[in-house]
Each structure stands twice: as C-alpha cells, then as structure tokens.
Amino acid sequence: MLKKFISSQRILLTFLPLLILNLFSCAPRITEESYLVIKVIDGDTVELASGEKLRYIGIDTPEKEDPFYQEAKDFNRQLVEGKIIKLEFDVQRKDKYGRLLGYVYLDDTFVNAELLKVGLAVLYTYPPNVKYVDYFTEIQKDARQEKRGIWSQVKEELNYYVAVKGSKRFHRPDCRSVRSAKPEKLLKFKTRDQALDKGYSACRRCKP
Ligand SMILES: [Zn+2]
C-alpha cells in the first residue's frame, strides 16, 4: 500500500512539471509519436506512461548475469528516464509479448545507436526489422576497434564459428542450436571479427 502510494506520488511528481510546461507553448508536447518514459527496466527496455513496455530494436544489452548489465541500465536511465522520447517503428510495431518495438530518439540523440557507440549494447537483428542494420554494424565496428565497454573483455578465439544460412547469429561449432543443421546449410567464419563485420551477432546460448 505504502509502496503504491509512493509510486503514484512519483508518477505525479514526474507528470506535474510536464503539465506545467505544457501550459507554455515552447515546451515539448506529448504528441502521437511522443512517449513519456516512466521507468527504465534495463539497457534496452523501458516502461512508458501508457503502461506499455518498449524494447529498443536492432540491439541487445547484457542480461542480469552478464558483465556490463548495470552499466547499460544506468546509461539508459540517465538518457531517457522521466524524459519524452520519439519513436520510429520498423516493419513490426510489437513483438509476441506485446511490447512496442522501436528506434528511440531524444532530441538529436538516437538512443539505440548511442548504446552501441559506447559499447554497452551489441547489434542484434530480428528480421524483418532490419532498417538500420548496416549503420549499426558500422557503429559497432568502431566500438570494437576502440575496445569500449563489452568489447574491452578479452575472449579466447576459437578455431572457427558457424551460422545457419538465413539466420543472423553465429555459434560455437558445438552449440546445440546448430548441431542438427545440415552441413550445406552452415556458413563458416574463421574468426569472430569476420562474423561480427558481416552483421552477425553472438548466440546468447553458446556465447561464442
Ligand atoms: Zn549458439
């Protein structure tokens, strides 16, 4: 009960300045494509004032048990919490969990790209939502070369990596996800860099 009271107080406190600002025409208005972020859930998911969840697309930030989880969450929070964002959609507007899928803008900042730039997110594409895959691949390449965030971790290089044709993930050769794939359906990469340069993302199960 107390918690509920506090959280409704918090929402009121978040809204109040906005309401006051909106009385003056110079302030940003909440329009159709504008959304108020009330809470950051992690590096790539937020809750909106409408009660909807929003998942940033084209990228993926570390899970709770992974390094840089907290850094990504904090970075996202500093950028968008309590702020009005604008959303751009790709082919699918929502995922199977009912979450909005979007490219997020805060004034001139492209938030999805910003997370990639500082190395707190990796490229992660779900076709058919591929609008910025080339742009994101380039930004990620820069973050990798500069060894920012996630890319500062030293990983042992395997003999080779594989991907199933048509997918956007690469795996360790012994990953369960590729074990039953026919050899003619498999692509091979000599190095991790080769796979990443081509816009493939590391499988979340085998973490190659
Ligand atoms: Zn795998």
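This note sets out numbered points on the predicted model shown above.

1. Overall make-up. The chain contains 6 helices and 12 strands. Of its 208 residues, 27% are buried. Among contacts between residues at least 6 apart in sequence, 63% join residues at least 24 apart.

2. Confidence. The mean pLDDT of the chain is 89, and 85% of the residues reach 70 or more. Residues 20-30 call for caution in reading: pLDDT stays under 50 there, and the model has 6 contacts beyond four places in sequence for this stretch.

3. The largest nonpolar core. This core has 28 residues, and those with the most contacts inside it are I59, V80, L115, L116, L120, A121 and F136. At least two residues of the core come from each of β1 (34-42), β3 (53-56), α2 (69-80), β6 (100-106), α3 (111-117), β8 (122-124) and α4 (133-145). The largest share, 4 residues, is supplied by α3. A second, separate core has 11 residues, including Y161, V178, F189 and A202.

4. A121 within the largest core. A121 is one of the residues with the most contacts inside the largest core. Leaving aside neighbours within four places in sequence, A121 is in contact with G43, D44, I59, D60, T61, A72, L115 and L116.

5. Helix α2. The 12 residues of α2 reach 17 Å from the first C-alpha to the last, close to the 16 Å expected at 1.5 Å a residue. Which residues of α2 are buried? They are A72, K73, F75, N76 and V80. Seen down the axis of α2, these buried residues fall within an arc of 165°, so they line one face of the helix. On the other side of α2, Q70 and Q78 are exposed. The cover over the buried residues of α2 includes β1, β2 (45-48), β5 (84-88), β6 and α3. Just after the helix, G82 takes a positive phi of about 80°.

6. Helix α4. At 1.5 Å a residue, the 13 residues of α4 should span 18 Å, and the end C-alpha atoms are indeed 18 Å apart. The buried residues F136, I139, Q140 and A143 belong to this helix. They cover an arc of only 100° around the axis, which puts them on the same side of α4. The general rule is that an α-helix has 3.6 residues a turn, so residues three or four places apart point the same way. D134 and Q145 are exposed on the other side of α4. Among the elements covering the buried residues of α4 are β4 (58-60), α3 and β8. K147, which follows the helix, has a positive phi, near 55°.

7. Strand β3 and its partners. Side chains alternate along β3: L54 and Y56 point to one face and are buried, whereas K53 and R55 point to the other and are not. Such alternation between the two faces of the sheet is what a regular strand shows. β2 and β3 run antiparallel and are joined by 3 bridges; in one of these strands, β3, R55 is the bridge partner of T45. The two strands form a hairpin with 4 residues between them, and G51 in the turn has a positive phi of about 95°. β3 also pairs with β6, in the parallel sense, over 3 bridges. In β6, L101 stands opposite R55.

8. E114 in α3. E114 is placed in helix α3. Is E114 buried or partly exposed? E114 counts as partly exposed because it has 18 C-beta neighbours inside 10 Å, and a residue is buried if 20 or more other C-beta atoms lie within that distance. Apart from neighbours within four places in sequence, E114 is in contact with L79 and T109. E114 and L79 are 35 residues apart along the chain, with their C-alpha atoms separated by 9.7 Å.

9. D107 in a loop. D107 lies in the loop between β6 and β7 (109-110). D107 is exposed, as 9 other C-beta atoms lie within 10 Å, and the cut-off for an exposed residue is 12 or fewer. D107 and I85 are 22 residues apart in sequence, while their C-alpha atoms are 7.6 Å apart in space.

How values were computed
Residues numbered from 1 in each chain as written. Core = buried A, V, L, I, M, F, W, Y, C linked by C-beta atoms within 7 Å. Contact = placed C-beta atoms within 7 Å. Expected span 1.5 Å × (residues − 1). Arc of directions from axis to C-beta. pLDDT = per-residue confidence, 0-100. Pairing = 2+ DSSP bridges.
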